[in-house]
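The following exercises concern one protein model and its ligand. Please study the sequence and structure before working through the solutions.

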Amino acid sequence: MTPTLLSSLTTSAVGGPAGKFVEARTEAEIIDAVRSADAAGEQVLIISGGSNLLVSDDGFPGTVIRIASEGFTVNAEDSCGGVSVVVQAGHNWDKLVEHAVRHAWSGIEALSGIPGSTGATPVQNVGAYGSEVSQTIAAVRTWDRERNAVQTFTNSELKFGYRDSILKQATVNGSPRYVVLTVEFQLPLGRMSAPIRYAELARALNVEVGKRAYANDVRREVLRLRASKGMVWDSSDRDTYSTGSFFTNPIVSAEVADKLPETAPRYPAGQDGLVKLSAAWLIDQAGFGKGFGLDQDGVAGGRASLSTKHTLAITNRGSASAADMVAVAREVRAGVERQFGISLHPEPLLIGLGL
Ligand SMILES: Cc1cc2nc3c(=O)[nH]c(=O)nc-3n(C[C@H](O)[C@H](O)[C@H](O)COP(=O)(O)OP(=O)(O)OC[C@H]3O[C@@H](n4cnc5c(N)ncnc54)[C@H](O)[C@@H]3O)c2cc1C
């Protein structure tokens with residue numbers, strides 16, 4: 001039988017063969033597939049939309065389990081408590097957001113247009129335009145591979161942080177201890193959005209930061225802004241053959257931030273006076289502009305480059321290998337380190353690859 005290629009399952013369209021491939025369409029099938037692979041002592045890679053993974057050209061020798069469960073159940077809906085909706089892990093995230101906006105379930109509209117599945121959103125606490133899923137997730141039901149039992153985490157037990165959660169922390173060599181089965185969201189009812197926390201979005205909506213807008217308008221503007229940056233998956237746009245942002249925004253001490261030029265964007269990052277920097281700005285200012293690497297004499301022969309619309313995405317121009325993508329990432333990371341002494345960390349999960 002021809003092996004399934006990870007390149008056919010990922011938005012960067014790179015990655016070699018899967019040792020074994022199983023598609024799980026229901027919660028029972030997910031648990032069954034994970035239990036069987038674990039009982040056989042096989043390595044396990046969980047994949048869903050494949051939009052936050054970069055897999056080596058050698059592929060993955062163990063079992064790749066694709067989470068493809070779909071649908072959601074509304075548990076409660078009233079004007080006091082809002083809506084409680086339990087979503088299957090494989091359900092497409094943006095379809096859920098679209099449904100929420102159409103049915104006046106408020107709170108996730110600013111997360112429009114993010115590719116991938118709902119079950120992956122708590123893993124790295126998916127976020128954009130000042131919003132994060134940690135603001136609306138009530139609970140996550142998982143299969144705990146260590147205890148061979150279902151384990152439910154409440155919001156506070158998930159230990160959400162910037163692109164982080166207990167689910168991500170418990171992932172070792174690409175293999176998660178907790179496999180997400182369902183995610184429960186608690187969303188207020190109403191046509192208005194959550195307060196707009198991101199200046200660029202507030203400007204686009206013509207409202208002040210902290211004010212609300214119609215959720216419909218927020219979704220429309222977020223999709224427009226994201227598309228202009230190549231951040232909405234589109235098979236006809238090579239700038240979207242990526243994992244979205246390749247690097248997280250570095251969080252540094254005030255002392256380190258003070259050494260940067262005054263024009264460097266800075267945002268408060270929680271307690272202890274920590275400061276969040278813009279990885280896109282650092283990359284650009286270190287000399288890696290949009291489209292860096294497109295030149296055929298470039299680091300990956302023009303096969304992989306920074307997006308022509310955003311410096312934070314590493315893109316496959318059509319024939320890139322995973323090694324090409326990593327070559328661009330290494331060059332950019334070394335350049336930022338040289339210029340600013342700041343080390344960038346990858347956002348996607350790297351399987352069989354090191355930076
Ligand atoms: C064009 C583009 C734009 C993007 N924009 C954003 C953005 O604005 N903000 C943002 O935060 N991210 C963004 N991303 C990254 C990505 O879309 C999100 O992280 C998304 O949630 C990944 O979902 P997925 O189903 O594709 O996960 P996958 O890539 O399949 O998996 C990602 C990780 O989650 C794990 N995982 C997946 N499903 C489960 C499960 N059921 N249980 C346990 N572990 C699981 C995988 O093992 C892996 O570690 C973008 C990506 C692209 C390509």
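How do the residues of the shell around the ligand divide into nonpolar, polar and charged?

This is a predicted model, in which local features need pLDDT of at least 70 and side-chain atom pairs count only at pLDDT 80 or more, while totals for chains, interfaces and linings use all residues. Residues are numbered from 1 along each chain as its sequence is written, and side-chain values use heavy atoms, with hydrogens and water left out.

**Solution.** The shell holds 16 nonpolar, 14 polar and three charged residues. In this count Ala, Val, Leu, Ile, Met, Phe, Trp, Tyr, Cys and Pro are nonpolar, Asp, Glu, Lys and Arg are charged, and the others, Gly among them, are polar.

**Exercise 2.** Identify polar backbone and side-chain atoms that lie by an oxygen atom of the ligand.

**Solution.** Begin with the backbone: an N or O atom of Gly50 is 2.9 Å from a ligand oxygen, and a polar backbone atom of Asn52 is 2.7 Å from a ligand oxygen. Next, the side chain of Gln124 places an N or O atom 2.9 Å from an oxygen of the ligand. Finally, the ligand alone exposes 970 Å², of which the protein buries 96% (Shrake-Rupley method, 1.4 Å probe).

**Exercise 3.** State whether Thr121 is buried or exposed, and name its contacts.

**Solution.** Thr121 lies in the loop between α2 (93–102) and β7 (127–128). Its relative accessible area is 2%, so Thr121 is buried (under 20%, with exposed over 50% and partly exposed in between; 1.4 Å probe, protein chains only). Leaving aside neighbours within four places in sequence, Thr121 contacts Trp93, Val126, Val133 and Phe185 (heavy atoms within 4.5 Å).

Conventions. Helix = DSSP H or I, 4+ residues; strand = E, 2+ residues; numbered from the N terminus. Polar contact = N/O pair within 3.5 Å; in protein donor to acceptor, adjacent residues only side chain to side chain.
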